[in-house]
Amino acid sequence: MKVYFLSDFHLKFQENEEDRTRRERVLSFLRSLIGKADILILNGDIFDLWFDWNSVIIKGYFPLLKVLADLDENGCRLILITGNHDFWFNNFLPDYLNMEIYSDYFEEIIDNVKVHVTHGDRHTSNDLRYKLFRAIIRNRFVKFLFQIIHPDLALKLGRLLSRSSRERKIPPTLKKKKEQGLIRSADKILKHCDLVVMGHSHSPLLEKRRKGTYVNLGDWITSNSYLEMTDGKFHLKINN
Ligand SMILES: [Mn+2]
């Protein structure tokens with residue numbers, strides 16, 4: 001079986017020139033997987049912002065949704081784990097793309113490898129401020145408020161929120177500490193799994209641990225990295 005793991009596309013629904021070029025790069029890679037991938041695992045922060053109302057979806061994501069629909073039609077199983085930018089999913093993706101959505105982690109034995117996939121935002125250390133923000137933003141009442149205001153206005157607010165969380169500059173020492181947090185949690189999960197896959201840090205890494213392997217998928221902003229697993233053997237790759 002061929003399984004592809006990717007994360008952190010951070011695709012925008014309103015694009016400038018640079019966003020468009022980046023999106024094309026992501027989509028042409030995804031297109032190359034049509035008829036080739038048995039499972040595609042999208043590990044969070046795929047959409048820089050996502051919301052679907054009862055009868056409205058964000059049209060700026062149509063190009064990505066089209067490629068995902070083509071993958072689905074060609075028999076690829078689509079799995080998505082929520083990130084810290086995309087978590088307000090309703091029924092659209094499961095109903096129209098047969099996508100399976102997991103809000104914390106995905107765990108399954110694939111070709112005899114017990115795989116655990118999680119975005120990682122819950123596993124950084126020293127990030128109390130974010131943990132509080134996460135609890136608020138995922139609150140049902142907040143979601144309800146977004147649901148009842150006009151989509152254009154809701155998205156404007158959403159953009160402000162996601163921009164402020166993105167533009168927060170993180171000093172290198174804190175960044176390192178956060179990554180160590182990811183690896184520490186991975187070690188705990190590796191007690192009952194063979195492979196732990198995360199994202200969120202935007203730096204690709206494959207590291208053999210005392211028990212099992214930790215992989216960080218990197219991103220599609222600077223590294224264009226992904227994990228390819230063929231019949232249980234996995235490689236972290238960079239797409240040029
Ligand atoms: Mn993230």
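In this predicted model, strand 3 and strand 4, the latter made of residues 100-102, run side by side in the parallel sense and are joined over three bridges. Within this pairing, Leu80 has Ile101 of strand 4 as its bridge partner. To get from strand 3 to strand 4, the chain passes through helix 3, residues 92-97, and this β-α-β crossover is right-handed.

Strand 3 also has a neighbour in strand 2, with which it pairs in the parallel sense over five bridges. One position in this pairing is Asn43, which stands opposite Ile81 in strand 3. Here, too, the connection goes through a helix, for strand 2, helix 2 and strand 3 together make a right-handed β-α-β unit. Strand 3 itself, residues 77-81, is mostly covered, since four of its five residues are buried. As a general point for reading such strands, the side chains of a regular strand alternate between the two faces of the sheet.

**The manganese site**

Which residues coordinate the manganese ion? The donors are Asp45 through OD, Asn84 through OD1, His119 through NE2 and His200 through ND1, at 2.1 to 2.3 Å. Along the sequence these donor residues follow the spacing D-x38-N-x34-H-x80-H. Asp45 is found in the loop between strand 2 (39-43) and helix 2 (62-73), while His119 is in the loop between strand 6 (113-117) and helix 4 (128-137), so this pair ties together parts of the chain that are 74 residues apart in sequence. Asp45 is buried, with a relative accessible area of 2%, and His119 is likewise buried, with a value of 0%.

**Ser7 and its surroundings**

Another loop residue worth following is Ser7, which lies between strand 1 (2-6) and helix 1 (17-32). Is Ser7 buried or exposed? Ser7 counts as buried, because its relative accessibility is 0% and the cut-off for buried is under 20%. Its side chain makes a polar contact of 2.7 Å with the side chain of Asp8. Leaving aside residues up to four places away in sequence, Ser7 touches Asn43, Gly44, Ile46, Gly199, Leu217, Gly218, Asp219 and Trp220. Asn43 in this list is the residue that stands opposite Ile81 in strand 3.

**Salt bridges**

Side chains of opposite charge can pair when their charged atoms come close. How many salt bridges does a search of the whole structure find? The search finds 16 salt bridges, and the table gives some of them with their N to O distances.

| Residue | Partner | Distance, N to O |
|---|---|---|
| Lys12 | Asp19 | 3.4 Å |
| Arg20 | Glu17 | 3.1 Å |
| Arg134 | Asp121 | 3.0 Å |

The residues in these pairs can be described by how much of their surface is accessible. In the pair of Lys12 and Asp19, Lys12 is partly exposed at 23% relative accessibility, whereas Asp19 is buried at 9%. In the pair of Glu17 and Arg20, Glu17 is exposed, with a relative accessible area of 55%, and Arg20 is partly exposed at 35%. Glu17 and Arg20 both belong to helix 1, where they are three residues apart, which is about one turn of the helix.

The salt bridge between Arg134 and Asp121, with its closest N and O atoms 3.0 Å apart, links distant parts of the chain, as Arg134 is in helix 4 and Asp121 is in the loop between strand 6 and helix 4, 13 residues apart. Arg134 is buried, with a relative accessible area of 15%, and Asp121 is buried as well, at 3%. Salt bridges can also join into a network, as they do among Glu15, Arg23, Glu24 and Arg31.

**Two residues with positive phi**

Finally, two residues deserve a look for their backbone angles. Asn112 has a phi near 70 degrees, which is a positive value in a residue other than glycine. Asn112 is placed in the loop between strand 5 (106-110) and strand 6, and it counts as exposed, with 74% relative accessibility. His202 has a positive phi as well, of about 65 degrees, although it is not a glycine. The loop that holds His202 runs between strand 7 (195-198) and strand 8 (205-208), and His202 is partly exposed there, with a relative accessible area of 24%.

Notes
Residues are numbered from 1 along each chain as its sequence is written. This is a predicted model: local features need pLDDT of at least 70, side-chain atom pairs count only at pLDDT 80 or more; totals for chains, interfaces and linings use all residues. Side-chain values use heavy atoms; hydrogens and water are left out. Donors are N, O and S atoms within 2.8 Å of the metal (3.2 Å for Na, K and Ca); water is not among the atoms, so sites may look incomplete. Buried means under 20% relative accessible area, exposed over 50%, partly exposed in between (1.4 Å probe, protein chains only). A polar contact is a pair of N or O atoms within 3.5 Å; within protein, one must be able to donate a hydrogen and the other to accept it, and residues adjacent in sequence count only if both atoms are side-chain atoms. Contact means heavy atoms within 4.5 Å. A salt bridge is a side-chain nitrogen of Lys or Arg within 4 Å of a carboxyl oxygen of Asp or Glu. Two strands pair if DSSP finds at least two bridges between them. A crossover is right-handed if, with the strands pointing away from the viewer, the path from the first strand over the helix to the second runs clockwise.
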